[in-house]
Amino acid sequence: MTPALSIRDLTVTYGEKPALWDIDLDFEPGSLTAVVGPNGAGKSTLLKAVLGLLPKVAGTVLAFGAPIADSLDRIAYVPQRSAVDWDFPTDVLDVAMMGAYRKLGWFRRPGAAERAKALECLDRLGIADLSRRQISQLSGGQQQRVFLARALVQDPDLFLLDEPLAGVDVTTEERALDLFRQLQGQGKTVIVVHHDLETVRDVFDRAVLLNVRLVANGPVRDVMEPAVLRKAYLGGRDQVVC
Amino acid sequence: MTGPTIVALVAGLTAAGCALAGVYLVLGRRAMMADAISHSLLPGLVAAYLLAQGPNILAGTLGAVAAGLATVAGVEWLSRGRRLHADSAIGVVFPFMFAVGVLWVSLSFSNLHIDTDAVLFGEIAFAPIERLTWEGRDFGPVALWQSGTLVIINALFLLTLGKELKIVTFDETSADLQGVSPVRVKWALVTVVCLTTVVAFSAVGAVLAVGLLVAPVAVAQLLTRRLPVLFVMSLVVGVGASLAGHLLALAYDVSISGTIAAVMGGLFLAAWTVAPEQGWVAQWASRKRQAAKLKVQTLVVHVAEHRGTQSQSVENTLEHLVDELGWARPEAEKAVRRARDYGWIRLDGPTLELTDQGLSVARSIL
């Protein structure tokens with residue numbers, strides 16, 4: 001089967017400092033993967049480089065067998081919440097509808113169909129009642145759910161989510177994890193940069209462990225082993241954490 | 001049309017065009033770009049004057065827009081990477097462009113008198129005098145045509161690129177992935193801002209052009225957080241200040257553009273002070289309320305913590321609040337009075353006792 005996402009020999013640097021070093025990864029369709037690793041491991045960089053948002057020193061990336069630039073209509077990306085200006089004067093529904101912009105193309109404005117779709121996706125995340133709320137008045141968890149709803153509006157086959165559970169409330173976390181499982185059930189491929197090693201084991205079926213280089217990649221129970229984690233988080237030093 | 005009516009129309013239309021162009025400039029936090037553009041037009045105007053061999057509105061406009069675009073390109077190029085911040089780049093580029101203009105004028109037109117006041121302040125009072133003529137027929141004041149066209153162009157720009165401007169300003173990365181090239185949208189906006197500045201510049205001068213672009217939006221931002229309302233309010237503030245400024249200037253026989261700028265400043269100060277939610281007064285009152293509420297909550301929690309302990313009769317007294325919590329006596333008295341008003345606390349001799357309601361408040365906090 002053609003992988004949903006296939007990464008070969010990906011190397012990315014910030015100036016001279018390597019951020020990702022010769023990464024090879026395949027993500028099967030319908031897989032739910034957590035990308036974990038210490039701070040500065042290149043987790044967010046991986047997603048951005050895959051999408052072509054950062055220049056690559058080397059490497060090729062294919063989504064569903066095609067170059068990324070030709071597959072963007074099948075991929076949704078949820079950036080970290082801090083990446084945007086939440087003081088921008090607009091409301092929740094408006095942001096959710098931005099997920100439909102690619103299908104609309106230049107100049108065409110969103111109409112009743114896009115509005116209905118956006119409301120349906122907001123409802124899936126339990127925030128349809130906030131549709132007319134200004135985004136500056138949202139809590140962190142609500143902001144994150146708006147972003148997830150926007151990704152759903154796009155109706156993609158591959159989701160790339162950058163720390164969607166960082167600093168959110170319990171309800172949002174449960175909703176989001178629930179959503180990931182639903183999406184997987186629908187055959188979607190979901191890749192989540194994640195920081196909480198606890199929930200990885202319960203929710204995800206695969207894990208990728210990064211620390212500039214690829215440390216481990218496989219079923220969650222194999223990757224989330226203390227010995228393997230130690231290798232990524234302590235660079236192989238024989239110490240016990242926590 | 002009488003002279004003052006024409007001036008009022010030109011001022012109002014110019015302000016409307018500026019307010020429309022200014023919204024995304026301010027929301028994108030690029031307001032100072034307008035300053036750079038307005039001071040860089042001179043070399044473009046000079047070049048156009050030489051090429052067209054005399055004053056020509058179309059050539060002048062194109063030349064000035066080109067100079068504005070060159071300035072923005074220079075700023076963007078210099079501030080790429082980490083060596084120079086955008087504000088420093090602006091500070092380097094526009095004086096250079098202005099200097100090129102000034103030197104070019106003194107070299108090429110040594111016998112021509114360039115009125116520096118007109119560059120900085122414009123002279124809207126001359127608006128009725130310069131006429132658009134074609135084959136001997138008079139089509140009315142040039143400034144009226146210019147400012148009217150500006151409003152139409154800017155309104156059409158916002159109507160066609162509304163959703164693109166929105167996503168690029170809010171979330172550039174997602175815009176890129178949604179197929180809306182941020183680079184194209186930004187340059188379209190910069191071009192419109194250049195054109196707007198050129199038209200505003202000839203009517204009201206370089207300084208007020210910036211004011212008309214930025215100040216109405218800044219006022220409107222203090223009054224609303226809804227985008228459609230923000231557009232309407234920016235228009236109302238810009239046009240309102242221009243018309244009011246014009247009338248005041250006529251009444252007191254002072255500079256029209258100066259008065260418009262002063263009215264705008266006054267409006268901003270008023271909004272900054274008394275705007276319903278974001279004004280200084282509202283913010284101050286809300287901070288006061290927060291602080292008072294926090295005091296009462298602290299009091300209730302403190303009383304709850306020592307409730308039923310041996311030290312209760314010592315800890316839960318007004319004296320103790322003053323001694324141990326470090327509160328001034330009037331402050332402590334006020335907190336106790338508030339807590340009693342809320343029905344959270346009652347006095348048992350000198351000892352503060354929680355009511356049932358107070359207890360549930362304390363529990364909800366802890």
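Select chain B, which in this predicted model holds 16 helices and four strands. Its radius of gyration is 30 Å, well over the 21 Å that the globule rule gives for 366 residues, so chain B is more spread out than a compact globule. If you turn the C-alpha trace of chain B to look along its principal axes, you will find that it spans about 100 × 50 × 40 Å. Colour the buried residues next, and they will make up 43% of the 366 residues in chain B. Of the contacts in chain B between residues at least 6 apart in sequence, 64% join residues at least 24 apart.

Now show chain A beside chain B and select the contact between them, to which chain A gives 20 residues and chain B gives 20 residues. On the side of chain A that touches chain B, the residues divide into 14 nonpolar, three polar and three charged.

Stay with chain A and colour it by pLDDT, which averages 92, with 97% of the residues scoring at least 70. Go carefully at residues 236–242 of chain A, where pLDDT stays under 50 and the model has four contacts beyond four places in sequence.

The next selection is helix α7 of chain A, residues 170–185. At 1.5 Å a residue its 16 residues should span 22 Å, and the end C-alpha atoms are 23 Å apart, which agrees. Within α7(A), pick out Thr172(A), Arg175(A), Ala176(A), Leu179(A) and Phe180(A), which are buried. Looking down the axis of α7(A), you will see these buried residues fall within an arc of 140°, so they line one face of the helix. On the other side of α7(A), the exposed residues are Val170(A), Thr171(A), Glu174(A), Gln182(A) and Gly185(A). To see what covers the buried residues of α7(A), add elements of chain A that include β3 (32–36), α6 (140–153), β8 (189–193) and α8 (197–203). Just after α7(A), stop at Gly187(A), which takes a positive phi of about 85°.

Finally, centre the view on Leu183(A), which has its place in helix α7 of chain A. Is Leu183(A) buried, exposed or partly exposed? Leu183(A) has 19 other C-beta atoms within 10 Å, and because a residue needs 20 or more to be buried, Leu183(A) counts as partly exposed. Leaving aside neighbours within four places in sequence, Leu183(A) is in contact with Phe159(A), Lys188(A) and Val190(A). As a last step, select Arg124(A) too, which is 59 residues from Leu183(A) in sequence and 12 Å from Leu183(A) in space, C-alpha to C-alpha.

How values were computed. Residues are numbered from 1 along each chain as its sequence is written. Chains are lettered from A and ligands numbered from 1 in the order in which they are written. This is a predicted model: local features need pLDDT of at least 70, side-chain atom pairs count only at pLDDT 80 or more; totals for chains, interfaces and linings use all residues. pLDDT is the predictor's confidence in each residue, from 0 to 100. Two residues are in contact if their C-beta atoms, placed from the backbone, lie within 7 Å. Helices (H or I, at least four residues) and strands (E, at least two) are DSSP runs, numbered from the N terminus. The expected span of a helix is 1.5 Å times one less than its number of residues. A residue is buried if 20 or more other C-beta atoms lie within 10 Å of its own, exposed if 12 or fewer, and partly exposed in between; C-beta atoms are placed from the backbone. The arc is that of the directions from the helix axis to the C-beta atoms. The radius of gyration is taken over C-alpha atoms; the globule rule is 2.2 Å times the number of residues to the power 0.38. Ala, Val, Leu, Ile, Met, Phe, Trp, Tyr, Cys and Pro count as nonpolar, Asp, Glu, Lys and Arg as charged, and the others, Gly among them, as polar.
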